[in-house]
Amino acid sequence: MAQENHRPSGLQPRIGGAAWASTVVYFIGQAVAQAAWSTPYSLIDNRISDLGNTACGRAPANVYICSPLHAVMNASFVLTGILLLAGLYLTRRIWPRGRLTTWGLAFLAVTGIGTVLVGLAPENVNVPLHLVGALNIPCGNIALLLLGLANRRLRPGIARLTLVLSAVGFLGMLGGPALIALTGHGGGLAERLALYPAIVWTVLLGLSVLRVRRTDPRARTT
């Protein structure tokens, strides 16, 4: 594939980069919704979806939930998923062609769709659909793994960052159940370790695309 096909030139990749950078709204929505809790919100035990729970009461894990600004969190879920999908579509031409990229972007698309579903179906409203949306966690980490491997020659710096974030995500996914079994706590922490890497990655990649486009329209994202 010719080198110029990987350059983030033109307005379309720039808009895509801005969309990805804007997924920082995911963390902003969490901070706003968390601040509205009248009872302490535990980053260790409360799961992220608790912020979007539309009712007050104790969850099966005996964690109290009452999120007055649940609408803010659910809107953040939906908006983040839409921005992720938009950025994916608009930056698709800067990625190297190959099976790893194709599958990586496909898993990333599922991640975006799942994030939207989590917001549309809060954990206490539609449990089955919410659990389908929760596939955004494994799919996001698989996407990072595949895209990191796909870019290890073309963009080694981005590849290393992507693989490190993927490793953190898999640590949260695989180590979380053991942590909960041993201590009875840590469900929220494990979920954050598993889920945050994909969002952090989209924010950083979006900024990378914007930076390269601003400094040198002919440069590659490295």
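# Exercises on a predicted helical model

Val 212 has a relative accessibility of 3% and therefore counts as buried; like everything that follows, this value comes from a predicted model.

**Exercise 1.** Determine in which helix Val 212 is found, and how far its C-alpha atom is from that of Arg 14.

*Solution.* The first step is to place the residue: Val 212 belongs to helix H8, which covers residues 187–215. The second step is to compare sequence with space, for Val 212 and Arg 14 are 198 residues apart along the chain, while a distance of 9.4 Å separates their C-alpha atoms. For the chain as a whole, among contacts with a separation of 6 or more, 72% are between residues 24 or more positions apart.

**Exercise 2.** Describe the order of helices and strands along the protein chain, and state what share of its residues is buried.

*Solution.* Begin with the count, which gives 8 helices and 2 strands. Then read along the sequence, where the pattern is α-α-β-β-α-α-α-α-α-α. Finally, take the burial of the protein chain, in which 46% of the 222 residues count as buried.

**Exercise 3.** Work out how the axes of H1 and H3 are arranged, and which kinds of residue make up the contact between these helices.

*Solution.* Start with H3 by itself: this helix spans residues 70–90, and its 21 residues reach 30 Å from the first C-alpha to the last, close to the 30 Å expected at 1.5 Å a residue. Its buried residues include Leu 83, Leu 84, Gly 87, Leu 88 and Leu 90.

Next, bring in H1, residues 11–21, whose axis comes within 8 Å of that of H3 and crosses it at roughly 155°. Because angles over 145 degrees count as roughly antiparallel, H1 is roughly antiparallel to H3. The crossing of the two helices is left-handed.

The last step is to list the residues that meet: from H1 come Gln 12, Pro 13, Ile 15, Gly 16, Ala 19 and Trp 20, and from H3 come Leu 83, Leu 84, Ala 86, Gly 87, Leu 88, Tyr 89 and Leu 90. Sorted by kind, the residues of this contact are 10 nonpolar, 3 polar and no charged.

**Exercise 4.** Explain why Asn 136 counts as buried, and name the residues that it touches.

*Solution.* Asn 136 is found in helix H6, residues 136–150. Its relative accessibility is 9%, and it therefore counts as buried, since the cut-off for buried is under 20%. Leaving out residues up to four places away in sequence, Asn 136 touches Thr 111, Gly 114, Thr 115, Val 118 and Leu 195.

Conventions:
Residues numbered from 1 in each chain as written. Predicted model: local features only at pLDDT ≥ 70, side-chain atom pairs only at ≥ 80, totals over all residues. Heavy atoms only, no water. Helix = DSSP H or I, 4+ residues; strand = E, 2+ residues; numbered from the N terminus. Expected span 1.5 Å × (residues − 1). Buried < 20%, exposed > 50% of the residue type's maximum accessible area, 1.4 Å probe, protein only. Contact = heavy atoms within 4.5 Å. Axes fitted to C-alpha atoms, helices over the stretch in contact; angles between N-to-C directions. Parallel < 35°, antiparallel > 145°, perpendicular 65-115°, else oblique. Left-handed = near helix turned anticlockwise from the far one by under 90°. Nonpolar A, V, L, I, M, F, W, Y, C, P; charged D, E, K, R; others polar.
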